[in-house]
Amino acid sequence: MSFCCGAGMVGSVGSVRHYKTLVHNVPIMFCPVCDRIEVHPGIEGEYEILVEYAQGDQAPEVDFADFVSVDNTSELFENCTMTDEAASFADVLKQQIDVSLDLLRVAKELKDDEWREALMIRLRRLSEWLKQYNKRKQMSQKSA
């Protein structure tokens with residue numbers, strides 16, 4: 001699994017802004033704790049070439065999938081948690097919370113107050129994400 005600030009990176013396909021160009025359908029990894037998003041290293045070279053051409057053409061938007069075929073997404077995301085396959089985003093967040101709780105137990109046993117505090121901040125952030133996600137999900141179900 002790929003890691004960011006200590007949390008596991010979540011793999012997905014999303015949109016990334018590169019200066020004035022918005023690139024859709026890019027394999028990305030993001031951290032649910034610190035909100036860091038990065039283009040997946042496995043396609044980074046193709047992404048850089050595409051945005052270079054798009055910016056040269058002054059294109060405001062491009063679709064990565066129109067120019068680059070990514071047939072091996074399961075292999076591409078094997079080291080991170082995939083949100084748009086079997087597990088829901090809520091399941092991914094719950095998994096991250098479970099891992100953080102396990103680490104918190106270890107930090108307490110080691111009496112590592114700095115690590116324990118960092119884990120508490122991570123747990124608060126993950127819990128906020130989960131609450132917001134569940135709230136949005138309930139609102140969308142009510143409106144449907």
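Q: How far apart are the mean positions of the positive and negative charges of the chain?
A: In this predicted model, the mean positions of the 16 positive and 24 negative charges of the chain lie 15 Å apart.

Q: How many salt bridges are there?
A: The count comes to 4 salt bridges.

Q: What does Arg105 pair with?
A: Arg105 forms a salt bridge with Glu109, and their closest N and O atoms are 3.4 Å apart.

Q: Where do Arg105 and Glu109 lie?
A: Both are in helix α4, separated by 4 residues, or about one turn of the helix.

Q: Why does Arg105 count as partly exposed, and Glu109 as exposed?
A: Arg105 has a relative accessibility of 48%, so it counts as partly exposed. Glu109 is exposed because its relative accessible area is 55%, and the exposed class begins over 50%.

Q: And Arg116, which residue does its side chain meet in a salt bridge?
A: The side chain of Arg116 meets that of Asp113, at 3.3 Å from N to O. Both residues belong to helix α5, which covers residues 113-143, and they stand 3 residues apart, about one turn of the helix. Arg116 is partly exposed, with a relative accessible area of 33%.

Q: What about Arg124?
A: Arg124 and Glu117 are joined through their side chains in a salt bridge, with 3.5 Å from N to O. Arg124 is partly exposed at a relative accessible area of 42%, and Glu117 is partly exposed, also with 42%.

Q: Changing topic: is Gln96 buried or exposed?
A: Gln96 counts as buried because its relative accessibility is 6%, and buried means under 20%.

Q: Where is Gln96, and what does it touch?
A: Gln96 sits in helix α4, which spans residues 89-109. Leaving aside residues up to four places away in sequence, Gln96 touches Ala7, Gly8, Pro32 and Leu126.

Q: Now the whole chain: how many helices and strands does it have?
A: The chain has 5 helices and 5 strands. Starting at the N terminus, their order is β-β-β-α-β-α-α-β-α-α.

Q: What box do the C-alpha atoms fill?
A: Along the principal axes, the box is roughly 55 × 40 × 30 Å.

Q: How much of the chain is buried, and what area does it expose?
A: Of the 144 residues, 36% are buried. The chain exposes about 9,200 Å², with carbon and sulfur atoms supplying 50% of that area.

Q: And what share of contacts joins residues at least 24 apart?
A: Among contacts between residues at least 6 apart in sequence, the share is 56%.

Methods
Residues are numbered from 1 along each chain as its sequence is written. This is a predicted model: local features need pLDDT of at least 70, side-chain atom pairs count only at pLDDT 80 or more; totals for chains, interfaces and linings use all residues. Side-chain values use heavy atoms; hydrogens and water are left out. Helices (H or I, at least four residues) and strands (E, at least two) are DSSP runs, numbered from the N terminus. Buried means under 20% relative accessible area, exposed over 50%, partly exposed in between (1.4 Å probe, protein chains only). Contact means heavy atoms within 4.5 Å. Accessible areas come from the Shrake-Rupley method with a 1.4 Å probe; for residues, only the protein chains shown count as cover. Lys and Arg count as positive and Asp and Glu as negative; His and the chain ends are not counted. The place of a charge is taken as NZ of Lys, CZ of Arg, CG of Asp or CD of Glu.
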